[in-house]
Amino acid sequence: MSGSDADQTMRAIVIEGGKGPAEALQVAEVPRPVPADGQILIKVAAAGLNRGDVIQRLGFYPSPPGAPQTMGLEVSGLVVHGAGRWKVGDRVCALLGGGGYAEYVAVDARHALPVPADMDLVEAASLPETILTVFANVFESGALQPGQTLMLHGATSGIGVTAIQMCKVYGAKVIATARGADKAAEAHRLGAEVVVDATTQDFVAVAREHGGCDVILDMVGGDYFPRNIEALKPLGRLVYIAAQAGTEVTLNIGKMMQKRITITGSTLRPRAADEKARLIDEAERRFWPAVESGALRPPVDRVFPLDQAAQAHLHLEANTHVGKVLLKM
């Protein structure tokens, strides 16, 4: 990593003042990371935007210990320093604890995945965080099985479009909720068998019409909580990955007991490196063949250049997107 100053620095997005509105996102020259033992260095092609980035920008979701303090939980790019199974020139995408909004990132070699030869390298930044979040929560915690039914709230988010495709590959049925007729139509086009416009329809009634749900993946929280309990079958699993409408809820313990419902939830970012490596190994084994074949390719809504990170955040926060929003280096 020796050489000129230009070889030792890179452009990255920082938050002016440490936290703030989207306009606080600025491009700055920062030190280029030096990979430690067991890490690869990636020249970043693109970074995926996630809700966690917005929460971090607002000051509520700090990077875990040892991770870069800058934003960015997933990237794609070329390996420029190899380790583990990766060599220089390999096309990879990777799950990060932070630091993806930058020209280079160092990451545990076990946390990278191969990019298919026929897939655009920028588009590949849409894969790691979403596939691994859905895998960990729907298929591990939620234990969804082929032939069972998943109810998915927020169907046109990056997580939502990925979950629809993963369920389709796995042979599970999806009841998707979205806000507005246009988003509902997009969810149906992406493969959801049953679609609910949450602005005009009662998702509980629709779920009951279709025999109830085995698993519900919720990122809404708030008043969706008791309705989710009603929509679940006996032995159903309610899994939380966010609570955009509120974290405080009231649980009717009697109904939970009668249905023998499991309520759980998780975050991906703070997990230990070994646990992330295990999760990535399992997701690669079970779902990467579908990525390779093209059956699992989350749609990309928009790609912004690095210096338009503020506009990209505003676009994500407007909730008009269908699929992933990316930053291109």
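Which residues lie nearest the centre of the largest pocket? In this predicted model, they are R51, S157, M219, A242 and Q244, from a lining of 42 residues. The volume of the largest pocket comes to about 1000 Å³. Several elements give two or more residues to its lining, namely the helices α2 (51-57), α3 (128-141) and α4, together with β9 and β15 (324-328). Some of these elements come up again in the paragraphs below, beginning with the sheet.

The sheet is open and is built from six strands, which follow one another in the order β10-β9-β8-β11-β12-β13 with parallel pairing. At its edges stand β10 (194-197) and β13 (262-265); each has a single partner strand, so one side of each is left without a neighbour in the sheet. On average, and with direction ignored, neighbouring strands are turned by 15 degrees against each other. Within the sheet, strand β8 (residues 149-153) runs parallel to strand β11 (residues 213-218), and three bridges join the two. M151 can serve as a landmark here, since this residue has I216 of β11 opposite.

Two helices pack on this sheet. Helix α4 (residues 158-170) touches β8, β9 (173-178) and β11, and its direction makes about 165 degrees with that of β8. Helix α5 (residues 181-190) touches β9 and β10, with a direction at about 170 degrees to that of β10.

A closer look at two threonines helps to fill in the surroundings of α4. T162 is found in helix α4 itself. With a relative accessible area of 0%, T162 falls under the 20% limit and is therefore buried. Its contacts beyond four places in sequence are T130, I131, V134, L296 and P298. T156, by comparison, has its place in the loop between β8 and α4. This threonine also counts as buried, at 4% relative accessibility. Leaving aside neighbours within four places in sequence, T156 is in contact with V161, K183, E186, A187, H321, V322 and G323.

K183 turns up once more in the contacts of a third threonine, T320, which touches K183 and H315 when residues up to four places away in sequence are not counted. T320 sits in the loop between α10 (309-317) and β15. From T320 to D301 the separation is 19 residues in sequence and 9.5 Å in space, C-alpha to C-alpha.

What about the nonpolar interior? In soluble globular proteins, nonpolar side chains tend to be buried together. The largest nonpolar core of this model has 52 residues, and those with the most contacts inside it are L127, F139, L144, L150, L152, I164 and M166. L150 gives a good impression of the surroundings: apart from neighbours within four places in sequence, L150 is in contact with V138, L144, C167, K173, V174, I175, V215, I216 and L217. Another core lies apart from the largest one and has 30 residues, including L25, V44, M71 and A83.

Strand β3 (residues 39-48) is a helpful guide to a further set of paired strands. Eight of its 10 residues are buried, so β3 is largely enclosed by the rest of the structure. Five bridges join β3 to strand β6 (residues 104-108) in an antiparallel arrangement, where I40 stands opposite V107. Six bridges link β3 with strand β4 (residues 74-81), again in the antiparallel sense. Three bridges, also antiparallel, connect β3 with β15. A46 takes part in two of these pairings, standing opposite S76 in β4 and opposite K328 in β15. β15 is also one of the elements that give two or more residues to the lining of the largest pocket.

Finally, two residues deserve a glance for their backbone angles. L235 is not a glycine, yet has a positive phi of about 70 degrees. This leucine lies in strand β12 (residues 232-240) and counts as partly exposed because its relative accessibility is 46%. R260, likewise not a glycine, has a positive phi of about 55 degrees. R260 lies in the loop between α8 (253-259) and β13. Its relative accessibility of 53% is over the 50% limit, so R260 counts as exposed.

Conventions:
Residues are numbered from 1 along each chain as its sequence is written. This is a predicted model: local features need pLDDT of at least 70, side-chain atom pairs count only at pLDDT 80 or more; totals for chains, interfaces and linings use all residues. Side-chain values use heavy atoms; hydrogens and water are left out. A nonpolar core is a set of buried Ala, Val, Leu, Ile, Met, Phe, Trp, Tyr and Cys residues joined through side-chain atoms within 4.5 Å. Buried means under 20% relative accessible area, exposed over 50%, partly exposed in between (1.4 Å probe, protein chains only). Contact means heavy atoms within 4.5 Å. Two strands pair if DSSP finds at least two bridges between them. Helices (H or I, at least four residues) and strands (E, at least two) are DSSP runs, numbered from the N terminus. Axes are lines fitted to C-alpha atoms, for helices over the stretch in contact, and angles run from 0 to 180 degrees between N-to-C directions. On a 1 Å grid over the protein atoms alone, a cavity is a set of points where a 1.4 Å probe fits but cannot get out, and a pocket is an open set with protein on both sides within 12 Å along at least five of seven lines; lining residues have an atom within 4 Å of a point. Grid points are joined across faces, edges and corners, and a volume is the space filled by probe spheres set on the points.
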